[in-house]
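Student: I have a new model open and would like to learn how its terms are justified. Could we go through it together?

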Amino acid sequence: MHSRKFRLCSYLLVTALAWAGPGASHHSFSPFEDEVQIVLSGTVTSFQWTNPHIYIELDAADENGDIKNWLIECANTTILNRVGWKWNMIKPGDEILAIVAPLRNGEPAGLLKRVRLPDGAEHGNGGPAGPASIDFDGNPLPGADRGGER
Amino acid sequence: MPKSVTPRVVAMIALLAAPAMFAQETSQLRGLNGSWERWPSRSAGLGSDAAPPPVDLNIAPIPEPPLRPEYLDDWRAERAEIQRLTEQGLPPANNYSACIGDGMPAMMQGMFPMEVLETPGQITIIQEAYNQVRRIYFDDELPPAEDAEPRFAGHSVGRWEGDTLVVDTVGVKDYVEFQNVPHSHLMRINERLRLVGDDYMVNEVTIVDPEFLTAPWTWTWAYLRWPEYKIQEYICENNRYFRDPELGYQRLRVD
């Protein structure tokens with residue numbers, strides 16, 4: 001499904017249920033527009049297993065076919081170890097899909113909601129980051145799964 | 001008394017024995033050892049994700065601080081402004097966004113699990129977030145608050161009152177604020193920690209500050225035991241957040 005390098009990503013703008021979880025992170029997530037989630041498809045250029053956040057850098061094409069390098073913020077090493085991630089599960093060159101809440105200021109960066117890896121495995125981003133409100137085809141998830149949020 | 005056992009020898013034996021007796025007193029394990037997650041504020045990935053044993057701890061929300069009137073209005077205005085800006089997507093920069101840990105007392109309800117280590121004469125508490133460490137000494141005296149070197153965790157001494165661990169802390173840095181509440185160098189934090197059954201621990205926290213507070217500020221925090229958890233490393237090595245020079249909010253460096 002994402003075997004072609006630099007496959008055109010679909011910018012799927014979907015209004016989702018606002019999520020108001022407990023503040024429990026390195027910083028407030030409010031610079032990210034949680035109500036507008038998009039699906040990015042592209043090639044990993046960097047996977048930084050670091051604190052205070054893990055970052056994926058992803059080359060993804062916009063609707064005009066222009067490649068942008070997106071910065072995708074993930075939770076942190078200790079949260080994601082606890083929910084089943086592994087430090088080496090993503091590598092440069094991997095073709096992945098990522099549902100993100102983009103920055104409000106328009107810069108190419110977003111907060112990860114859910115990721116699908118080349119082998120089809122899917123992972124959420126821990127409770128504090130909030131759940132995906134769309135699926136990987138961009139369809140809204142009514143009464144969205146809260147990504148493990150209790 | 002035989003001549004060989006002189007008063008000097010007796011005194012030496014007493015001197016040698018006293019620390020050992022004292023250490024025995026303070027090193028007695030009281031069941032706090034191990035990993036704990038905060039309770040009841042939980043979310044996937046913050047803690048164990050396990051169904052907790054039933055308990056009724058009656059943990060109430062933290063009350064408004066009894067600040068002196070000349071500070072209370074400013075504090076309320078600051079809190080409201082932080083909330084307003086955060087809702088607009090412009091949360092003001094703070095210690096966290098600069099990769100600076102909680103310090104006391106907030107590190108006692110840090111976002112990640114904490115580890116309690118009971119050793120002779122000392123209890124050490126490690127909060128996973130920011131690798132924060134505090135050391136509570138039993139064979140020590142608290143420095144006078146006005147003379148205590150300012151630190152994030154301050155200086156702490158402990159004692160047992162029955163099954164309750166009582167800890168007093170002074171010397172917290174001025175800009176280490178809990179819930180944006182200002183404090184002076186005379187602030188003192190008193191904690192009373194005790195087990196509730198085998199699985200829970202509560203911490204009654206009381207803050208006094210003659211310069212800023214009109215009365216003690218008190219609340220209770222709780223913890224759920226997580227015996228099998230091993231605290232992880234947390235070094236803030238890749239902080240992409242900075243204070244926006246114009247708007248002052250927590251801005252992400254994207255390039």
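Student: What makes A:Gln37 and A:Leu112 residues that A:Val100 touches?
Tutor: Two residues are in contact if their C-beta atoms, placed from the backbone, lie within 7 Å. Leaving out residues up to four places away in sequence, A:Val100 touches A:Gln37, A:Ile38, A:Leu40, A:Ile72, A:Gly110, A:Leu111, A:Leu112 and A:Lys113. A:Gln37 and A:Leu112 are on that list, so their C-beta atoms lie within 7 Å of that of A:Val100. This is a predicted model: local features need pLDDT of at least 70, side-chain atom pairs count only at pLDDT 80 or more, and totals for chains, interfaces and linings use all residues. Residues are numbered from 1 along each chain as its sequence is written, while chains are lettered from A and ligands numbered from 1 in the order in which they are written.

Student: Why is the set with A:Val100 called a nonpolar core?
Tutor: A nonpolar core is a set of buried Ala, Val, Leu, Ile, Met, Phe, Trp, Tyr and Cys residues joined through C-beta atoms within 7 Å. Buried means that 20 or more other C-beta atoms lie within 10 Å of a residue's own. The largest such core has 41 residues, and A:Val100 is among those with the most contacts inside it. A:Val100 therefore counts as buried.

Student: Which element gives the most to this core?
Tutor: Strand E5 of chain A does, with 6 residues. Strands are DSSP runs (E, at least two residues), and helices are too (H or I, at least four), numbered from the N terminus. Chain A has 1 helix and 7 strands.

Conventions. A residue is buried if 20 or more other C-beta atoms lie within 10 Å of its own, exposed if 12 or fewer, and partly exposed in between; C-beta atoms are placed from the backbone.
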